[in-house]
Amino acid sequence: MRTRASVLLLACAGTLATAGCGGSGTGRQSGSVAPGGTFRYAIAGDPGDLDPVRTVTDNAYRIFTFAYDTLLDSSPDGEVVSNLATSWKITPTVATFTLRRDVTCSDGSPVTATTIAQNLDALKDPKTQSPRLPIAMSTGDYTVVADDAGATVTVRFETPVSFLSSTIQALPIVCGEGLRDRSLLARGTSGTGPYVLKEAVPGDHYTLTRRQGYRWGPDGATNDEPGQPETVVIKVVPNPTTIANLLLAGELSGARVNGADAKRLEQRGLAEQKHASGLTQMLFNHAKGRPAADPAVRRALTMAVDREQLAKIVSGPDGRAGQSVVPEASTPCPVPGVNAAIPAFDTAAATALLDSAGWAEGPDGVREKNGTRLRLDVISNSDSGPTFVSATELIAKAWRELGADVRITGGNAQVTIQALASGNWDVVPLLGISVAVPSQFVSLASGPVPPQGINYGAIDNPEYLALAGRAVTTTDQQAACKDWNAAEAALFRAADVVPMVALYERWWAGKTATFETTAFDIIPTSIRMRQG
């Protein structure tokens, strides 16, 4: 989802500029850009299935950003702006979108109100079991009416929803042949975006080519400006050191690189922009028979971990522990100061809590209760880079000292999601969950478990649900935010889920291009290839 502040990245002797190298203006002045060309970009893992309804991984969204549009988008300062919809009226129970009439799909077919309605209906189709539904719409309890003659789509909700103008930005609009046969989307695209996927080589690269005549981008962006690339090649490069090397060698035009490798890019003078972009959460499996079903275990494991120390490991000197389920940079409901509901770091108190809960230390140092050992199957996401791996090992060390038998298993983002859906796990200590508003988190912390839902941890917190339910019915944002913050506090007190580390994304421009970024991605229509 393209939201929040953006900045133009220029490779200008290591400076970050909002003007051209050595000049004024936008960085696109005459003579500074090259016609056509290829923009080369890297992602950390293969995106897998490319159907937007079935896939919510970060790597897949890198391709969606180039190939699809959404009804609404956000300006650099966070204001909701037009995309496929030119105007909109949204209340907690009814939303009406008026569409542009000149939009076409990548196969040349027109995009109408019926097209949008088909997307919204597919999203809530029980056969699809879409993980994107709660992220984009919060609920499936809605009906859609399309008026092709009037170019309007009206959505009526059975129960009130919050922040729809923000959440609906997470729904890439599929059109044309992709709507008629969704199997084509597994390794292809069928959208209204500025680029079209032409080649997919899973595990290696994805090649997109520029559309002609694209003029309905966010806030009126077009695809016919001088210097826009004819081709975009998205390379799958799991190793961040390799990505940094490719940037330095001029073989990549841009990429995200965090951690130790970012220091090398900084020292070599590559232009950078850093965004406060996301959060990692500690997610526990509350299912019956799992150790974390015991609230005392969840709280003790939380108290045994120094979140501030982990933040420095994962995000560097500026790293901070999270205070909410929503990143500080995007939340409409900021938490003032330190969130007191999160169990504080205190190893002595953690030990005492397990003792009082009946988890006694066994002869080998591993705690037991009623004949069950405190064994924890921990998931580590390898796509997140070496600092995450190191931080996960540090967490495991703290838990072993507390008396747990810890086993770590790792894999890329797809493997992590598959493991979560299987239910055969106990803790994911650093799970990256990107939500822009608190209502998007509800289905991750309540409701059905996979495959019917995305409540991976089988969380059941009636206080959270009651407060969240009250928040969505409140039209006054200040009052709604008070309820949303109280709802999150209910989750944190029970250690149902714990915000761990605030993440910072560092975007780097190579020698061949300029581009604008948000906290989430490169803005495709902002890319300009450079001379020389």
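These are my notebook entries on one protein chain, taken from a predicted model.

**Entry 1: the whole chain**

I began with the secondary structure and counted 14 helices and 22 strands in the protein chain. I then looked up the radius of gyration, which is 23 Å. The globule rule gives 24 Å for 532 residues, so I noted the chain as being as compact as a globular protein of that length. Along the principal axes, the C-alpha atoms fill a box of roughly 75 × 55 × 40 Å.

I also checked burial and contacts. Of the 532 residues, 57% count as buried. Taking contacts between residues at least 6 apart in sequence, I found that 69% join residues at least 24 apart.

**Entry 2: surface and charge**

The protein chain exposes about 20,700 Å². Carbon and sulfur atoms supply 52% of that area. For the charged side chains I have 47 positive and 53 negative. The centres of these two sets lie 2 Å apart.

**Entry 3: strands β13 and β19**

I asked myself why strand β19 should be called largely enclosed by the rest of the structure. The strand covers residues 427-432, and 5 of its 6 residues are buried, so the description holds. Next I looked for its pairing with β13, which spans residues 271-284. The two strands run antiparallel and are joined by 4 bridges. At one position in this pairing, Thr-280 stands opposite Gly-432 of β19.

**Entry 4: the small sheet**

I traced an open sheet of 3 strands, in the order β14-β15-β16, with antiparallel pairing. Its edge strands are β14 (360-361) and β16 (372-373), each of which pairs on one side only. Between β14 and β15 (residues 367-369) I recorded 2 bridges in the antiparallel sense. Here Glu-361 stands opposite Arg-367 in β15. As a reminder to myself, strands of a sheet pair through backbone hydrogen bonds, either parallel or antiparallel.

**Entry 5: Thr-207**

Last, I picked a single residue, Thr-207, which is found in strand β10 (residues 205-210). Is Thr-207 buried or exposed? Its relative accessible area is 14%, and the cut-off for buried is under 20%, so Thr-207 is buried.

I then listed what Thr-207 touches, leaving out residues up to four places away in sequence. One run of contacts is Val-196, Leu-197, Lys-198 and Glu-199. The others are Thr-231, Val-232 and Val-233.

Key:
Residues are numbered from 1 along each chain as its sequence is written. This is a predicted model: local features need pLDDT of at least 70, side-chain atom pairs count only at pLDDT 80 or more; totals for chains, interfaces and linings use all residues. Side-chain values use heavy atoms; hydrogens and water are left out. Buried means under 20% relative accessible area, exposed over 50%, partly exposed in between (1.4 Å probe, protein chains only). Two strands pair if DSSP finds at least two bridges between them. Contact means heavy atoms within 4.5 Å. The radius of gyration is taken over C-alpha atoms; the globule rule is 2.2 Å times the number of residues to the power 0.38. Accessible areas come from the Shrake-Rupley method with a 1.4 Å probe; for residues, only the protein chains shown count as cover. Lys and Arg count as positive and Asp and Glu as negative; His and the chain ends are not counted. The place of a charge is taken as NZ of Lys, CZ of Arg, CG of Asp or CD of Glu.
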